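Thanks for sharing this one. Here are a few notes to read alongside the structure.

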Amino acid sequence: MRIRRFAKVLAAFLAGVMLAQLLYACSPRSQAGEKTRLTIATVNNGDMVRY
């Protein structure tokens with residue numbers, strides 16, 4: 001009985017920690033200072049089907 005309660009409390013704690021990290025990662029403030037590099041490549045080659 002105590003182990004089951006401990007498992008529930010531990011699962012709730014871990015879920016809360018993960019949720020807090022997810023919310024921080026999605027916030028605009030956490031991404032504002034990071035530089036983003038985007039590379040777009042296009043291929044106009046009939047042989048690309050083989051690759």
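1. Let me start with α1, whose 25 residues reach 36 Å from the first C-alpha to the last, close to the 36 Å expected at 1.5 Å a residue. Do keep in mind that this is a predicted model.

2. The fold inventory is brief: two helices and zero strands in the chain. Helix α1 covers residues 2-26 and is hardly covered, with a count of zero buried residues among its 25.

3. For the chain as a whole, 4% of its 51 residues are buried. About 5700 Å² is exposed, and carbon and sulfur atoms supply 62% of that area.

4. Please have a look at the nonpolar surface patch of about 490 Å², made by Phe6, Leu10, Phe13, Leu14 and Val17. As a reminder, an α-helix has 3.6 residues a turn, so residues three or four places apart point the same way.

5. Is Leu10 buried or exposed? Leu10, which sits in α1, counts as partly exposed because its relative accessibility is 38%, between the 20% and 50% cut-offs.

Technical notes
Residues numbered from 1 in each chain as written. Predicted model: local features only at pLDDT ≥ 70, side-chain atom pairs only at ≥ 80, totals over all residues. Heavy atoms only, no water. Patch = residues over 30% accessible without salt bridge, like charges linked within 9 Å, V, L, I, M, F, W, Y side chains within 5 Å. Areas by Shrake-Rupley, 256 points an atom, 1.4 Å probe, with all protein chains shown as cover. Salt bridge = Lys/Arg side-chain N within 4 Å of Asp/Glu carboxyl O. Helix = DSSP H or I, 4+ residues; strand = E, 2+ residues; numbered from the N terminus. Buried < 20%, exposed > 50% of the residue type's maximum accessible area, 1.4 Å probe, protein only. Expected span 1.5 Å × (residues − 1).
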